[in-house]
Amino acid sequence: MAVAHLLLQHSVANAARNRVVPPAILLILQLLCGALGADGATSFRFTNACHNPVWVGALHGASSPPLARSGFYLAPSATSHLDAPSSGSWSGTFWARTGCAVDSATGRFSCATADCGTGDVACEGRGPAPPVSLVEVTLAAPGSGGQDFYDVSLVDGFNVPVRVAPSGGGGDCRPAACAGDVNAMCPADLRVVAASGGGVVACKSACNAYGSARYCCTGQYGTPAACGPTSYSQVFKSACPAAYSYAYDDASSTFTCSGASSYDVTFCPGS
């Protein structure tokens, strides 16, 4: 890429000194620079800062191609990578599954939180069962100059703290995170307790728990003007001010960046 850009700069300098560079050569060099600049597809780097293992889930949007893996094991302190497609825009979600094991009788794999229901580590196009902390990403097409959008969503509840942070790029490019432990302050009627009788392993959203239009922002509450925060969503917002706490919580919860080289997703970033 550096060679192509230097050639282009040299050609422009020649033109500035009245030494004309043929338009066809300039076009070839410009196309070469653009193509080389788009070669490095945005990648995702996953880090497990939790004290226990997690099983990462990945789901592509309806109009986006799947990534190389839709689920994988991530030990404590371990990292892993996934590449985004090298052309076209892409959207998808990532999450951590916890308390996973294989049933010795059936051979099926399942998780205590955020299970995707395939019976396997791979999620294969299936999303997580709530409650779940979600990382949502929409990438602009490489080389387009468009903005990426990303956020952490607790609209479907919470299971583990998570942060997504762009590397490189221009614009605001701040991390989006829910680093607080919502499970520690989860209202009693929203708690999910471990089957073994242990502590709280996840916190439902009020929509998950009650299914009412008011909590789910549907029906007569299906507009931003009609559906504001509730006492339940404010519990999530107080723990994680930069995360979505209900469907229309856009003002403080959507983040943008242009041309990021990678996105770092960290589970339990405050551990």
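**Exercise 1. Start with one residue pair and build up a sheet.**
Which residue in S4 is the bridge partner of Arg45? Then work out which strands pair with S1.

*Solution.*
Step 1. The partner of Arg45 in S4 is His81. A quick note on what you're looking at: this is a predicted model, where local features need pLDDT of at least 70, side-chain atom pairs count only at pLDDT 80 or more, and totals for chains, interfaces and linings use all residues. Residues are numbered from 1 along each chain as its sequence is written, and side-chain values use heavy atoms, with hydrogens and water left out.

Step 2. Now the names: helices (H or I, at least four residues) and strands (E, at least two) are DSSP runs, numbered from the N terminus. Two strands pair if DSSP finds at least two bridges between them.

Step 3. S1 (residues 43-48) and strand S4 (residues 79-83) run antiparallel, joined by five bridges. With S14, S1 pairs in the parallel sense over six bridges; here Ser43 has Ser262 in S14 as its bridge partner.

Step 4. How covered is S1? Five of its six residues are buried, where buried means under 20% relative accessible area, exposed over 50%, and partly exposed in between (1.4 Å probe, protein chains only).

**Exercise 2. Follow the sheet through S9.**
Which strands run antiparallel to S9, and over how many bridges?

*Solution.*
Step 1. S8 and S9 run antiparallel and are joined by five bridges. Leu134 has Ser153 in S9 as its bridge partner.

Step 2. S9 also pairs with S14, again in the antiparallel sense, over four bridges. Gln147 is matched there with Ser258 in S14.

Step 3. Strand S9 (residues 147-153) is mostly covered, with five of its seven residues buried.

Step 4. Stay on S14 for a moment: Ser261 lies in this strand. Ser261 counts as partly exposed because its relative accessible area is 46%. Its C-alpha is 5.1 Å from that of Thr42, even though the two residues are 219 apart in sequence.

**Exercise 3. Spot the unusual backbone.**
Where is the cis peptide bond, and which non-glycine residues have a positive phi?

*Solution.*
Step 1. Know the background: most residues other than glycine have a negative phi, and most peptide bonds are trans.

Step 2. The bond from Pro130 to Pro131 is cis, with omega near 5 degrees. Pro131 sits in the loop between strand S7 (109-110) and strand S8 (134-139).

Step 3. Cys217 isn't a glycine, yet its phi is positive, about 55 degrees. You'll find Cys217 in the loop between helix H4 (213-216) and helix H5 (231-239). Cys217 counts as buried because its relative accessibility is 8%.

Step 4. Cys268 also has a positive phi without being a glycine, about 60 degrees this time. Cys268 is in the segment after strand S14 (255-267). At 10% relative accessibility, Cys268 is buried too.

**Exercise 4. Look around Ser133.**
Is Ser133 buried or exposed, and which residues does Ser133 touch?

*Solution.*
Step 1. Find Ser133 in the loop between S7 and S8.

Step 2. Its relative accessible area is 3%, so Ser133 is buried.

Step 3. Contact means heavy atoms within 4.5 Å. Leaving out residues up to four places away in sequence, Ser133 touches several residues, including Phe94, Trp95, Ser153, Leu154 and Val162.

Step 4. Take Val162: this residue is 29 residues from Ser133 along the chain, and their C-alpha atoms are separated by 7.2 Å.

**Exercise 5. Describe the largest pocket.**
How much space lies in the largest pocket, and which residues are closest to its centre?

*Solution.*
Step 1. The largest pocket holds about 410 Å³ of space. Of the 22 residues lining this pocket, Cys50, Asn52, Thr98, Val160 and Cys268 are the closest to its centre.

Step 2. Here's how that's worked out. On a 1 Å grid over the protein atoms alone, a pocket is an open set of points where a 1.4 Å probe fits, with protein on both sides within 12 Å along at least five of seven lines; lining residues have an atom within 4 Å of a point. Grid points are joined across faces, edges and corners, and the volume is the space filled by probe spheres set on the points.
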